[in-house]
Amino acid sequence: MNSSFSKIIIGLLAICGCCSCEDWLTQEDQSAMSTSQTYSSIASISSVAANLYSRLNYPQDFTTDAIDLTSWDEACNSSAYWASASNKNADYRQYYDYTLMRYINAHIHSLLEEVSSTVPKEYQRYFLAEARYIRAFVYFTMVSRMGGVPIIEEAQEYTLDPLTLARPRNKEAEVYDFICKELDEIKDDLSLAAPGLTTRATKGSALALKCRAMLYAGTIANNYDKNVAKGLILPSGATGISKDRANDYFQKCLDAYFELEELQQYDLYKVNNDLAENYTELFLNKSTNPEIIFRKDFDGQNFLNGFTGRAICRAMKPLPKSGAEISPVLNLVDAYEDVATHEVKAINPYVGEPQVESMGISSSNYEYKVFDKPEDIFVGRDPRLMASIICPGSSFRGNALDFQAGLAVKTAEGYEFKSVQTMDDYLDATKGYYENVQMTGTEGPHKSSTNVSHTGFLLRKFVDTASGSESNGQSTVPYIVFRYGEVLLNAAEAAFYLNENGVETYNDENMRSLSLNSINRIRERAGGERFKLSDAELTFDRIVSERRVELSFEDHRYNDMKRWRLADEVWNNDPDNPEAVLYGLWPYKIYAPGEDIDGKWLFRKVKLEFRKEPIYFDLKMYYATYPINTGNPYIEKNPNH
């Protein structure tokens with residue numbers, strides 16, 4: 001092997017950062033090993049692969065902060081300084097990592113040319129397929145954010161003149177086609193992986209990646225007319241896919257789904273009679289979970305997961321200025337349907353017409369609905385609401401959480417609202433009480449920028465229930481990259497489009513029935529038999545809504561809105577657009593001594609005013625900024641840049 005390739009491999013080993021705590025992914029410091037030594041054993045080759053896994057890009061994984069989780073319409077952050085998505089620009093989620101691609105290609109080259117005969121043939125086949133899977137994953141990450149990028153399969157040597165390595169952009173469709181071809185060619189060799197493996201490439205993870213990638217390509221093609229109207233097509237084909245390719249991609253999405261089903265290795269997580277508990281546990285249980293296909297692992301010691309410390313309720317926060325950093329917004333809460341009627345209907349805490357109030361008002365003459373307990377306002381909603389989001393009246397780790405924005409003191413004209421000036425005073429004997437009654441609960445909600453709920457909600461999904469896991473990154477909750485529930489929703493959407501496009505059957509399956517049955521498997525797990533949709537209820541809007549709630553906080557919402565070409569229409573920077581403005585739901589305990597409403601609850605719908613501007617998705621964000629290298633003859637800017 002020449003010295004350039006040797007340097008790449010040595011560099012990989014020197015950077016070592018493992019993505020799993022499983023034994024066969026454990027790495028040793030092998031930076032001093034020669035290339036021939038590196039490719040002479042299963043352990044050392046696994047070490048190279050582990051490094052490559054650790055460098056895959058997941059914007060919302062548990063090693064990052066909470067900003068990306070709280071930038072759009074799922075949640076806001078506890079700090080006003082992190083609150084606005086409107087400062088996002090064309091560089092948002094830019095990803096163009098050909099340094100990593102060179103390492104991957106050098107690894108593939110070594111597996112083809114340098115691997116020792118002492119490594120069993122079946123391991124050689126698996127390692128090569130694994131490396132190509134990682135490459136396909138990186139290409140999918142790039143094409144889904146940047147559009148067409150150069151497809152480079154050979155190992156490239158470093159050079160002082162990087163322009164000698166410059167390549168023209170491949171068409172967007174060509175990159176998706178390459179991903180599909182790669183995954184089809186390697187999937188059977190990935191079957192050599194250990195049964196039940198979810199932290200390294202398997203046939204299941206290859207099929208899950210294909211299923212997602214082909215759905216993305218299909219929806220971009222299916223929305224060709226929108227792409228034209230929004231100026232998103234480059235003449236070269238580097239962005240935009242011809243509409244006549246849509247059905248082909250949707251069929252390939254379904255091919256992957258059918259083949260995944262044939263494996264009979266994956267299923268929805270359904271071990272409890274409590275439907276909501278099933279949904280909560282599937283994100284916490286990594287040992288006996290048939291729903292996980294591919295995950296990034298953490299052990300809380302060598303590979304730290306600080307997410308729980310950032311998201312946990314204020315009452316359990318591990319350190320000052322930590323915890324309660326992710327406050328789900330009312331916009332998302334409203335998306336959880338009524339189980340009995342299947343209606344997606346916004347919560348209205350008022351008698352008569354709904355209102356929107358300022359966070360800071362001190363009195364109101366609105367007529368409010370009155371509830372015996374704060375949780376009563378959510379009765380009958382999709383069980384995934386309480387399984388994903390900690391709402392007023394909820395408990396966590398067996399402890400009731402105190403969501404109380406203040407006291408609603410009954411007056412002749414209506415109500416006067418009393419709350420603490422700052423959360424530091426909420427238990428102060430002189431500042432935190434009114435008529436000897438505590439005004440504000442431990443969790444708020446409150447307008448301050450301290451670590452407290454701003455919205456009236458906190459996150460439950462992914463938050464570790466193990467005591468102590470909130471400290472020092474000790475949580476062992478995995479980051480799930482692919483799960484079976486997503487695959488079902490991908491198949492449901494692809495089949496829906498095919499039926500709409502005139503393809504009634506495919507692989508002897510009726511497309512309409514396949515779409516309905518796939519989505520109903522998800523809904524039945526969530527709400528039981530009565531939550532299943534009828535054929536008449538199956539619409540595109542229903543698919544949008546189902547993905548929004550089932551996949552909330554799993555880094556699908558932003559990508560879905562992009563590929564549907566809806567992002568600029570919904571997040572349009574319009575202060576009069578309720579979808580672009582974020583809201584909270586603040587609970588108040590009623591103070592009315594001698595009246596029957598005393599001690600009961602009312603809610604105010606508030607505009608989250610620290611979000612100084614509505615959410616804004618600019619047209620240029622459909623394709624992030626393509627890198628500009630001076631003198632590169634192949635530079636082609638992305639649309640609207």
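## A guided tour of the predicted model

Begin by selecting K605 and Y583: K605 lies over the face of Y583, at 4.6 Å from the ring centre. Keep in mind throughout that this is a predicted model. For a second arrangement of this kind, select R169 together with Y626. The charged end of R169 sits over the Y626 ring, 3.9 Å from the centre of that ring.

**Confidence along the chain**

Colour the chain by pLDDT next. The average for the chain is 91, and 92% of the residues score at least 70. Now select residues 1-30, where the pLDDT is below 50. Beyond near neighbours in sequence, this stretch nevertheless has 87 contacts in the model. Where pLDDT is low, the predicted coordinates should not be read in detail. Residues 81-86 are another stretch to select, since pLDDT stays under 50 there as well. For residues 81-86 the model has 18 contacts beyond four places in sequence.

**Pairs of aromatic rings**

How many aromatic pairs does the count give? The count comes to 44 aromatic pairs. One of them is formed by F137 and F482, so select these two residues and display their side chains. The pair is edge-to-face, with 6.2 Å from centre to centre and 75° between the planes. F137 belongs to helix α5 (residues 121-146), whereas F482 belongs to strand β13 (residues 479-483). The two residues are 345 residues apart, and the pair thus links distant parts of the chain. Are F137 and F482 buried or exposed? Both F137 and F482 are buried.

Remain on helix α5 and select Y139 with F178. Why is this pair edge-to-face? The ring planes of Y139 and F178 stand at 80°, with the centres 5.5 Å apart; because planes over 60 degrees apart count as edge-to-face, the pair is given that name. This pair also links distant parts of the chain: Y139 is in helix α5 and F178 is in helix α6 (residues 172-186), 39 residues apart. Y139 and F178 are both buried.

**The largest cavity**

Turn now to the internal spaces. A search of the whole structure finds six cavities of 30 Å³ or more. The largest cavity has a volume of about 260 Å³, and 18 residues line it. To locate this cavity, select N57, P59, R212, D555 and N559, which are the lining residues closest to its centre. Which element gives the most to the lining of the largest cavity? Helix α5 does, with five residues. At least two lining residues are supplied by each of α5, α7 (203-222) and β13.

**Backbone details in the loops**

Three residues in loops complete the tour of the backbone. Select G444 and P445: the peptide bond from G444 to P445 is cis, with omega near 5°. P445 lies in the loop between β11 (437-438) and β12 (458-459).

Select N436 next, in the loop between β10 (433-434) and β11. N436 has a positive phi of about 65° although it is not a glycine. N436 has a relative accessible area of 76%, and it counts as exposed because this value is over 50%.

Finally, select N507, found in the loop between β14 (505-506) and β15 (509-510). N507 is not a glycine either, yet its phi is positive, at about 50°. The relative accessibility of N507 is 46%; this value lies between the limits of 20% and 50%, so N507 counts as partly exposed.

Methods
Residues numbered from 1 in each chain as written. Heavy atoms only, no water. Phe/Tyr/Trp six-rings, centres within 6.5 Å; stacked < 30°, edge-to-face > 60°. Helix = DSSP H or I, 4+ residues; strand = E, 2+ residues; numbered from the N terminus. Buried < 20%, exposed > 50% of the residue type's maximum accessible area, 1.4 Å probe, protein only. Lys NZ or Arg CZ within 6 Å of the ring centre and 35° of its normal. pLDDT = per-residue confidence, 0-100. Contact = heavy atoms within 4.5 Å. 1 Å grid on protein atoms, 1.4 Å probe; cavity = no way out; pocket = protein on both sides within 12 Å on 5 of 7 lines; lining within 4 Å. Points joined across faces, edges and corners; volume = space filled by probe spheres on them.
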